[in-house]
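Please examine the sequence and the model shown below before attempting the exercises.

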Amino acid sequence: MNSWAAGNLPRLIELAALGTGFLAGESLVHGDLRADNILLTEHGVVLLDWPWAARGAAWVEGLSVLLNVKTLDPNASVEHFLADHRVFAETNPRQSLPSWQDGPAISLTCPDARHRRVSPRSGSFSVGRRTS
């Protein structure tokens with residue numbers, strides 16, 4: 001375990017325990033929905049590659065796609081989907097999780113030297129090169 005994870009382990013465990021409750025639901029969840037698992041045909045949309053299918057919250061797939069869009073294009077504007085799309089209407093982590101609204105941004109450094117930053121205050125997600 002790296003030093004950042006070890007130093008933040010109690011908080012990470014707390015956040016994981018809170019977060020798993022929001023993932024529960026009775027909707028069919030693909031589990032790996034992103035651009036390369038969506039096929040657009042003349043007859044409609046086909047979702048590919050289903051080995052992680054499960055039951056879960058309806059909003060999970062929408063958020064997965066939006067995170068994929070932001071990963072592929074950090075300048076893409078997806079915030080209006082979070083605010084306006086019906087799939088997110090019943091889930092508002094800013095109201096349900098005080099740590100989401102009041103907490104500091106959390107930065108995670110990955111082994112591939114990419115830097116992912118999630119900012120609870122702005123709800124933004126961005127990807128860029130690691131600077132430290």
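Three exercises with worked solutions follow.

The model is predicted, so local features need pLDDT of at least 70 and side-chain atom pairs count only at pLDDT 80 or more, while totals for chains, interfaces and linings use all residues. Residues are numbered from 1 along each chain as its sequence is written, and side-chain values use heavy atoms, with hydrogens and water left out.

**Exercise 1.** State how many helices and strands the protein has.

Solution. Helices (H or I, at least four residues) and strands (E, at least two) are DSSP runs, numbered from the N terminus. The protein has five helices and seven strands. From the N terminus, their order is α-β-β-β-β-α-α-α-α-β-β-β.

**Exercise 2.** Determine whether the span of helix α1 agrees with its number of residues.

Solution. Step 1: the expected span is 1.5 Å times one less than the number of residues. Step 2: helix α1 covers residues 3-23, which are 21 residues, so a span of 30 Å is expected. Step 3: the end C-alpha atoms are 28 Å apart, which agrees.

**Exercise 3.** Describe the surroundings of Glu61: is this residue buried or exposed?

Solution. Step 1: Glu61 belongs to helix α2 (residues 59-72). Step 2: Glu61 is buried (under 20% relative accessible area, 1.4 Å probe, protein chains only). Step 3: Glu61 has no salt bridge (a side-chain nitrogen of Lys or Arg within 4 Å of a carboxyl oxygen of Asp or Glu); Arg34, the nearest side chain of opposite charge, is 10 Å away. Step 4: a polar atom of the Glu61 side chain lies 3.2 Å from the backbone nitrogen of Gly31.

Notes. Buried < 20%, exposed > 50% of the residue type's maximum accessible area, 1.4 Å probe, protein only. Lys, Arg positive; Asp, Glu negative; His and termini not counted. Polar contact = N/O pair within 3.5 Å; in protein donor to acceptor, adjacent residues only side chain to side chain.
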